[in-house]
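Could you walk me through this structure while I have it open in the viewer? I would like to know what to select at each stop and what is there.

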Amino acid sequence: MEGYVLALLALATLLPAFCAAICYVIKNRAVRNFVVVVNTLVLFFITWEFVRLLMGSNGSIRINEGSLPAHLGEVIKYLDVLLLGFIGYQGLKLKKPLIVALTLAQLVPVIFFEFFMGVHEPTAAFVIDYLSVVLILLISLVGPIIAIFAIGYMEEHEHHLHLAKTKQPAFFMVIIGFLGAMNALVMTNNLSWMYFFWEVTTLCSFLLIKHDENEISITNAVRALWMNLTGGVAFIAAIIIIYQVKGTLSVEDIAVAPVAGAFTGLFPIALGLLCIAGFTKSAQFPFQSWLLGAMVAPTPVSALLHSSTMVKAGVYLVVRIAPAFIGTILGDMVAIAGAFTFMAASAVAISQSNAKRVLAYSTIANLGLIICCAGIGNYVALAAAILLIVFHGVSKGLLFLCVGTIEQGIGSRNIEDMQGVMKIMPVTTIIMVIGMISMLLPPFGVLITKWLAIEAAVSMPLVLLLIVLGSACTVVFWSKWIGTVLTMSYKPKYAIENIPTSIKAALGILILAVFVVCVGIAPMYNALIDPQLKAFHLTDKIQLIGSQGGLWLTGGSNVAIGGFAVLAVFTIILALFIAIPYYLHKGKSADLRAPYLCGENIDSDLRGAEFMGPGEKPAGTLVRNYYLTGAFGEEKLTHVLNLIAGAIIMLMLGMVIR
Amino acid sequence: MGLMNTSRMKSPWIIHVNCTACNGCDIEVVAALTPMFDVERFGIVNVGNPKHADVMVVTGCVNPKTARVLKNIYDQMPEPKLVLAIGACGGTGGIFAECYNVLGGPDKVIPVDAYVPGCPPRPEAIIDGAVAALGLFEAKAKAMKEKAKKAAEKAKAEA
Amino acid sequence: MIDNLIISLIAIVGAPIIGGLLFGIDRRITARLQNRFGPPILQPFYDFFKLLGKESIAVNQIQMMYVLSHLFFAIAALLMLVLRQDLLMLMFIFAFSTISLIIGAMSVRSPYSKIGAQREIMQMLAYEPVLLLMVFGVYKVTGSFMIQSILDYPMPLIYSLPLVFFAFLYVLTIKLRKSPFDFSTSHHGHQELIKGLTTEFSGTQLALIELTHWYDLMILLGLIALFFAQPLWVGILIALGAYFLEMVIDNICARVTWPWMIKATWLIGVGTALVNIIGLYLRP
């Protein structure tokens with residue numbers, strides 16, 4: 001049994017690494033594609049096996065250090081130093097003193113801590129519980145799909161760049177290796193190992209953002225690197241403090257509810273530092289700029305960073321250690337910081353016309369909501385946090401891939417240019433619209449979690465106000481984007497666009513996943529999330545129950561105090577959205593008229609894109625969306641918001657020191 | 001008379017098109033909307049949008065430039081629809097009829113159902129004309145149905 | 001179960017009839033306020049049936065789908081209300097209904113309907129926080145998000161939530177698109193952006209939008225009645241009173257611009273609601 005688990009574990013982390021190496025060494029396209037597909041299938045299998053094993057276990061799959069190969073700890077130590085050395089080397093090569101300084105700020109404590117303090121590694125090296133499995137599901141299902149998408153995308157991408165020598169081997173190496181590091185990160189129970197994998201993801205994201213090697217991508221990659229290194233410094237500081245205070249590095253033992261009076265001294269500071277590490281990785285305000293800068297990378301990279309890997313590592317860490325600070329002042333401050341990011345990012349997103357930046361801000365907002373829920377820390381809030389990790393990962397991965405596909409189709413990522421994209425790429429457009437609806441409207445998951453978050457935030461009026469204002473802002477930027485994309489004039493027949501098979505497959509699987517997680521919300525909650533919440537040992541009166549195909553909040557007795565029959569509504573909506581077009585299609589075709597343009601239409605033009613201008617010459621009509629740059633402009637707001645967010649984080653540390 | 005027909009008679013929404021009028025008739029048309037005459041008594045509302053309108057109230061004579069616009073607005077109105085031409089110009093082109101740039105009344109471009117003569121006609125006369133024209137809706141609706149039927153048959157035959 | 005079915009049926013059939021009549025009365029009273037005679041009370045129904053009988057014209061094939069989902073989600077929200085479901089989810093479903101119309105209006109290349117849609121989005125930006133805060137205030141008092149528990153609560157909520165109620169009245173003007181907030185589309189006899197949001201909808205589509213508007217009115221008045229529930233008839237009377245107040249406001253106000261509306265609503269609406277909720281926290 002244990003041997004099998006060990007083999008799975010090795011497969012989940014080392015197989016991607018191995019495949020990555022093959023991708024790099026054998027520079028043959030066919031081989032590479034084959035490796036990517038095999039890697040995907042094996043990761044799917046591993047995920048399935050983990051879920052199966054976990055269901056059969058009593059709450060978690062544990063692997064003790066004894067059963068691991070000997071000296072693994074030693075190896076990781078040396079790799080850690082090697083990794084930091086490599087990052088420092090990159091800093092030197094790019095002549096960035098800040099990076100070198102931040103690397104040194106980690107390297108010195110790491111060497112001191114790992115080699116001179118005689119650390120006892122925790123007995124349970126890997127603990128795979130429900131939260132880990134949820135993350136593994138996300139990483140190993142969405143991640144490989146994005147890799148498959150990249151096969152078709154990168155071909156086209158390099159075609160545009162006219163490269164003399166393809167850089168795809170390195171690209172696929174990093175992407176696949178990334179998945180292995182993420183898998184290891186969510187499975188390990190050893191904080192210092194988690195730190196190692198954490199730094200691996202930092203390095204991977206740096207390499208991926210820098211992939212195109214032009215000036216702007218290098219600038220942005222450096223920014224991503226130094227911000228995440230800052231988080232790394234906080235992480236290593238937290239590790240040292242925790243080891244001093246608690247004498248253990250076992251995440252399990254750290255993430256327990258504090259006994260009365262125990263939440264004093266240095267330990268809360270360490271937790272605060274871990275949260276800050278999470279904030280940097282999850283691109284919370286004021287660290288958001290690295291994720292926005294990451295948009296210069298090819299789309300699969302953005303999709304990967306935003307949906308299943310990288311940013312999810314940050315929220316994973318915060319949710320993981322949440323039981324240790326629930327109900328404390330630190331928890332409250334984390335909730336406020338998260339809610340503030342949610343509101344701020346949603347507000348700034350209104351002013352953006354670049355589709356990828358809108359998506360980026362929306363990601364930041366949703367991560368803020370997850371962190372906010374972890375900070376609120378009651379039963380419903382944590383349920384919302386974990387659910388949102390899943391829903392957001394799937395939907396956002398899909399959306400990035402769609403935007404990437406459309407960008408290659410129309411040559412622009414500006415929302416205004418997407419008017420009438422329905423005509424050129426109907427299938428991609430419909431998939432994208434469903435993806436956007438799944439981020440905004442009932443009965444899809446993201447809204448359900450927003451609903452849960454609001455119902456959970458009742459104990460904190462400030463957090464609630466921020467969430468409420470933020471969610472009003474999300475309505476604005478999503479609905480104007482959906483409206484723009486769906487703008488279309490009459491066309492008798494739609495020709496399905498020609499997109500590469502790999503992209504088709506990726507979009508198809510992800511849209512299916514969006515529906516599956518939505519329809520299966522109740523079973524998924526019961527099977528994977530509820531047990532995890534039970535394992536957190538929360539003492540709330542209000543509980544969340546998944547039944548009748550929906551989620552129901554119950555008070556002390558079994559009376560529902562809130563709830564929503566997701567499945568029922570979903571069925572009705574789906575039935576309507578299939579029945580209505582069918583019925584309309586069967587019914588008489590409407591008589592088509594051009595839009596009203598004060599009688600100045602041009603006769604042959606049914607679209608209304610032109611009107612008869614002065615001097616009987618056709619002139620174009622142009623309507624742009626409102627971006628409210630006066631109120632929500634990025635340049636205007638960013639500094640202020642960063643200051644406030646920085647103040648909140650300072651306050652957070654200050655409060656716990658007291 | 002039927003529910004649909006009663007409704008049509010009781011809810012004629014108008015669009016007012018000024019086709020190079022001297023504004024005399026327009027003032028009188030707008031006067032009909034005021035509390036003094038209150039055409040909303042008859043359910044008449046000035047919607048200003050051909051896609052919502054049932055009755056087109058057109059003032060003035062037609063010249064080559066306005067002809068295109070008038071035709072376009074008329075085409076955008078859904079059936080059944082009526083056209084009410086107001087004033088002397090609306091009938092024949094009035095005193096401008098012989099001008100080099102005037103084609104004549106609106107009926108040179110679109111089918112007009114009722115004329116309200118006068119220069120300008122009084123609001124009472126305009127209301128009277130509108131209410132009188134409403135009687136034509138029934139026939140118009142019948143014609144619309146027949147046309148739709150024929151179109152459907154034609155489509156069927158083609159398929 | 002059977003009870004619920006019957007209640008739902010009555011609501012689906014009854015709500016538009018009452019809503020239409022109320023709009024008829026609205027037009028009559030408005031006319032009287034302007035010293036006119038005004039149309040018959042049944043005028044909204046004449047309009048509705050006339051629109052149904054018009055030739056169906058469209059700008060693209062799928063406009064009708066947006067209109068239908070606009071209607072169906074309004075009905076869904078009404079059903080959630082009469083079946084006493086989760087108040088917060090009701091708000092989201094209700095918002096879905098509006099978003100459907102917005103997307104429908106944006107789906108055509110008409111400048112008027114596009115600008116109208118943008119303004120409607122701005123309206124949502126303004127009133128959505130207030131509605132959510134209202135739900136939250138209700139939870140704070142009753143300890144539940146279920147409408148059932150509001151009805152079971154021994155005291156009318158107005159005693160605990162007077163300012164939230166005021167904020168809701170403010171938002172009601174926006175939701176009903178009455179002056180001074182009728183800038184996304186306007187009502188009979190008024191014009192803004194041609195017809196704004198609804199410019200490119202005609203015939204049956206427009207009839208269904210009118211129908212949805214009647215449902216909307218009933219949902220909003222139903223929410224007002226909730227604030228006063230116990231006994232319900234008092235709530236209904238107050239709801240009608242609030243509607244009369246809206247008519248008066250409609251007639252004495254000039255149209256404002258949307259930036260002004262957002263500022264005012266976030267300041268007055270969110271502000272008053274928040275003051276009320278903070279008061280609830282301070283209350284022993």
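## Stop 1: a salt bridge between chains

Select C:Glu200 to begin: this residue is buried, with a relative accessible area of 1%. Keep in mind along the way that the model is predicted. Now add B:Lys51, whose closest side-chain nitrogen lies 2.6 Å from an oxygen of C:Glu200 in a salt bridge. The C:Glu200 end sits in the loop between α7 (162-175) and α8 (204-227) of chain C, and B:Lys51 is in the loop between β2 and β3 (55-59) of chain B, so this pair joins two chains. B:Lys51 also counts as buried, at 2% relative accessibility.

## Stop 2: where chain B meets chain C

Widen the selection to the whole contact between these chains. Chain B brings 28 residues to it and chain C brings 31. About 2500 Å² is buried between chain B and chain C, and carbon and sulfur atoms give 57% of that area.

How many salt bridges does the rule find across the interface of chain B and chain C? There are six. For one of them, show B:Glu40 and C:Arg27, whose side chains meet at 2.9 Å, N to O. Between chain B and chain C there are also 19 residue pairs in polar contact, counting pairs with both residues at pLDDT 80 or more.

Next, colour the side of chain B that touches chain C by element. The elements giving two or more residues to that side are α1 (3-10) and β2 (45-46) of chain B. Of the elements, α1(B) gives the most, with five residues. Colouring this side of chain B by class shows 12 nonpolar, eight polar and eight charged residues.

## Stop 3: within chain B

Select B:Arg122 and B:Glu124, which form a salt bridge at 3.5 Å, N to O. B:Arg122 is exposed, with a relative accessible area of 57%, whereas B:Glu124 counts as partly exposed at 39%. From here, select B:Asp38, B:Glu40, C:Arg27, C:Arg36 and C:Asp47, which are joined into one network by salt bridges that share partners.

Move on to B:Tyr100, in the loop between α4 (87-92) and β5 (114-116) of chain B. Is B:Tyr100 buried or exposed? B:Tyr100 is exposed, with a relative accessible area of 82%. Draw a distance to B:Pro120: the two residues are 20 apart in sequence and 23 Å apart in space, C-alpha to C-alpha.

## Stop 4: where chain A meets chain C

Show chain A with chain C. Here 68 residues of chain A are in contact with 58 residues of chain C. The area buried between chain A and chain C is about 5700 Å², with 76% of it from carbon and sulfur atoms. Select A:Val458, A:Met488 and A:Tyr626, which supply 11% of the area that chain A buries against chain C, more than any other three residues.

A search for salt bridges between chain A and chain C gives a count of zero, while eight residue pairs are in polar contact, with both residues at pLDDT 80 or more. Several elements give two or more residues to the side of chain A that touches chain C, among them α19 (445-456), α20 (461-485) and α23 (566-586) of chain A. It is α20(A) that gives the most, with 15 residues. By class, this side of chain A has 47 nonpolar, 14 polar and seven charged residues.

Look also for a strand pairing across the chains: β6(A) and strand β1 (residues 57-58) of chain C run parallel, joined by two bridges. Zoom in on A:Leu592, whose bridge partner in β1(C) is C:Ala58.

## Stop 5: inside chain A

Select A:Thr428 in helix α18 (residues 426-440) of chain A. This threonine is buried, with a relative accessible area of 1%. Beyond its neighbours within four places in sequence, A:Thr428 has contacts that include A:Cys402, A:Glu497 and A:Leu507.

Finish at strand β1 (residues 61-64) of chain A, where A:Ile61 and A:Ile63 are on the covered face and A:Arg62 and A:Asn64 on the uncovered one. This strand pairs with β2 (residues 124-128) of chain A in the antiparallel sense over four bridges, and A:Ile61 has A:Ile128 as its bridge partner. Then show A:Arg62 with A:Glu252, a salt bridge with its closest N and O atoms 2.7 Å apart. A:Glu252 belongs to helix α9 (residues 251-254) of chain A, so the pair ties together parts that are 190 residues apart in sequence. A:Arg62 is partly exposed at 39% relative accessible area, and A:Glu252 is partly exposed at 30%.

Key: Residues numbered from 1 in each chain as written. Chains lettered and ligands numbered in written order. Predicted model: local features only at pLDDT ≥ 70, side-chain atom pairs only at ≥ 80, totals over all residues. Heavy atoms only, no water. Buried < 20%, exposed > 50% of the residue type's maximum accessible area, 1.4 Å probe, protein only. Pairing = 2+ DSSP bridges. Contact = heavy atoms within 4.5 Å. Buried area = accessible area lost by both parts, 1.4 Å probe. Salt bridge = Lys/Arg side-chain N within 4 Å of Asp/Glu carboxyl O. Polar contact = N/O pair within 3.5 Å; in protein donor to acceptor, adjacent residues only side chain to side chain. Nonpolar A, V, L, I, M, F, W, Y, C, P; charged D, E, K, R; others polar.
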